[in-house]
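Me: Could you take a close look at one part of this predicted model for me, the way its strands pair and its helices pack? I'd like one connected walk through it.

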Amino acid sequence: MSASAPLTLWHRARLVTLASPQGWGLIDQGALLTRGEHIEWVGAEADLPAGLEVAQCHDLGGALLTPGLIDAHTHLVYGGDRAREFELRLQGASYEEIAQAGGGIVSTVAATRAASDEHLWQSARHRALALMAEGVTTLEVKSGYGLSAEHEARCLRVARRLGAELPLTVRTTCLSAHALPPEFAGRADDYIDAVCAWLPALQAEGLVDAVDAFCERIAFSPAQTQRVFEVARGLGLPVKLHAEQLSDQGGAALAASFGALSCDHLEYLSEAGIAAMAQAGTVAMLLPGAYYFLRESKLPPIAALRAAGVPIAIATDHNPGSSPTLSPLLMLNMACTLFHLTPEEALRGMTQHAAQALGLADRGQLLAGQRADLAVWGLHHPNELAYGFGQRPACRVVHAGRWAAPLSP
Ligand code: DI6
Ligand code: FE
């Protein structure tokens with residue numbers, strides 16, 4: 001924070017601070033002072049310190065002001081689509097059957113490898129803009145559709161470019177252990193060796209903030225996952241895991257033993273997995289879009305996660321196969337209707353707890369010292385964020401203390 005940067009006042013707003021562990025932290029007729037990229041003061045307008053020298057003043061006209069949304073689990077960079085696979089699933093084929101028959105993730109890998117750099121960039125940019133139009137200011141982007149050193153790097157470079165060219169913070173995650181590419185058919189351990197070998201080069205190029213894997217019957221075993229995590233640990237990179245989505249593999253406990261930032265999906269999470277996550281301070285990242293789109297019926301153990309004090313986060317899981325949504329607000333709605341979260345838990349899941357899932361302590365609440373990443377909504381009460389679906393409320397975002405100009409798709 002630059003102490004000499006001028007002060008900016010944002011006033012006539014209804015603030016949703018989420019400042020305490022419980023409650024919205026509503027401040028009617030609130031105001032916020034920012035200096036450079038950071039929040040300097042939050043409170044009731046009537047309590048603004050006297051004698052301030054404010055360089056700029058934004059009248060928000062009574063709008064609702066929340067922390068910028070954080071979509072902490074996406075697979076945003078890929079080629080092609082899976083609409084045909086959707087039809088097959090509607091006719092009765094399961095996600096696992098399609099994957100085992102050579103469809104699923106590896107069909108997106110083929111389309112991604114065949115896509116030009118320009119196509120990957122334009123399509124990812126378009127998706128990022130759609131998320132930003134619903135309040136997103138920080139976005140996690142995973143690789144995992146390249147599955148070779150060259151194509152994983154290509155996808156991660158697109159992710160980095162999103163952060164460089166858009167008013168958006170991007171955190172990248174290397175998910176090379178997502179599926180077995182065809183050239184390694186029948187040689188999963190050899191593929192894991194290859195992933196372990198290219199990870200240091202991806203990190204050296206500045207492309208990796210965290211490491212993820214898909215630990216599942218149709219993907220990689222706990223032992224293979226562990227090998228990738230050991231390399232991550234050696235490089236000082238935090239880990240997270242697609243765990244217990246379709247079956248209980250004990251992945252959550254494994255990830256927790258590596259101090260994972262988050263375990264994601266968790267429909268089949270066991271009591272032991274919950275205890276391990278609680279102990280390690282690992283966030284439970286729930287993905288209602290994938291649960292809905294795969295027509296799952298086994299709910300993640302929400303009540304037990306709450307009882308154990310495991311922080312719950314929510315994300316879009318945007319990807320072409322299991323969650324082709326670009327609506328974070330729809331995810332808030334589904335977190336309530338499908339997963340029985342309260343609207344407040346859902347919003348906290350896409351702000352404060354999502355920040356924790358990315359290892360970012362500087363965002364997710366409206367507090368002095370946090371980054372000035374804000375979402376300004378044409379709504380009256382924060383419970384409306386989860387209540388409507390498909391309504392597209394008026395929304396503008398502020399990134400690092402500045403209005404993000406509306407960008408054309
Ligand atoms: N679990 C998911 O839901 C996504 N990846 C994963 O490991 C789905 C990816 C896809 O089907 O393309
Ligand atoms: Fe995912």
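**Strands and helices, piece by piece**

Reply: Let's start with a pair of neighbouring strands: S2, which covers residues 26-35, is joined to S3 by 6 bridges, and the two run antiparallel. Two of the residue pairings are easy to pick out on screen. Alanine 31 sits opposite glycine 43 of S3, and glycine 30 faces alanine 44 in S3. At the end of the pair, S2 and S3 make a hairpin with 2 residues between them. Have a look at glycine 36 in that turn: its phi is positive, about 60 degrees.

Now zoom out to the sheet that holds this hairpin. It is an open sheet of 7 strands, and the order across it is S3-S2-S1-S4-S13-S14-S15, with mixed pairing. At the edges you find S3 (38-44) and S15 (402-403), each of which pairs on one side only. While you're looking at strands, one general point helps: side chains in a regular strand alternate between the two faces of the sheet.

How does that fit with the domains? The domain assignment splits the protein into domain 1, made of 7-68 plus 364-403, and domain 2, which spans 69-357. The C-alpha centres of domain 1 and domain 2 are 30 Å apart. The two also touch: 29 residues of domain 1 are in contact with 24 residues of domain 2.

There's a second sheet to look at, again an open one. Its 8 strands follow the order S5-S6-S7-S8-S9-S10-S11-S12, and the pairing is parallel. S5 (69-71) and S12 (312-314) are the edge strands, each pairing on one side only. Going from one strand to the next, the twist averages 25 degrees. For a closer view of one edge, try S11 (residues 283-286), which is joined to S12 by 3 bridges, the two running parallel. There, leucine 286 has isoleucine 314 in S12 as its bridge partner.

Next come the helices, with H7 (residues 222-235) as the link from the sheet. H7 lies across S7 (169-177), S8 (210-215) and S9 (241-243), and runs at about 175 degrees to S8. H7 also packs with H6 (residues 188-204), at an angle of about 15 degrees and with the axes 10 Å apart. That angle is why H6 counts as roughly parallel to H7. From H6 the contact involves Ala188, Asp189, Ile192, Asp193, Val195, Cys196, Leu199, Pro200 and Gln203, while H7 brings Gln224, Arg227, Val228, Val231, Ala232 and Leu235. Sorted by class, the contact of H6 with H7 has 10 nonpolar, 2 polar and 3 charged residues. The crossing of H6 past H7 is right-handed.

For another helix pair, go to H4 (residues 117-132) and H5 (residues 149-165). Their axes come within 10 Å and cross at roughly 45 degrees, so H4 is oblique to H5. H4 also passes H5 in a right-handed crossing. On the H4 side the contact has Asp117, Leu120, Trp121, Ala124, Arg125 and Ala128, and these meet Arg154, Cys155, Val158, Arg161, Leu162 and Glu165 of H5. By class, that contact of H4 with H5 comes to 7 nonpolar and 5 charged residues, with no polar ones.

Conventions: Residues numbered from 1 in each chain as written. Chains lettered and ligands numbered in written order. Predicted model: local features only at pLDDT ≥ 70, side-chain atom pairs only at ≥ 80, totals over all residues. Heavy atoms only, no water. Pairing = 2+ DSSP bridges. Helix = DSSP H or I, 4+ residues; strand = E, 2+ residues; numbered from the N terminus. Axes fitted to C-alpha atoms, helices over the stretch in contact; angles between N-to-C directions. Parallel < 35°, antiparallel > 145°, perpendicular 65-115°, else oblique. Left-handed = near helix turned anticlockwise from the far one by under 90°. Contact = heavy atoms within 4.5 Å. Nonpolar A, V, L, I, M, F, W, Y, C, P; charged D, E, K, R; others polar. Domains from an automatic or database assignment.
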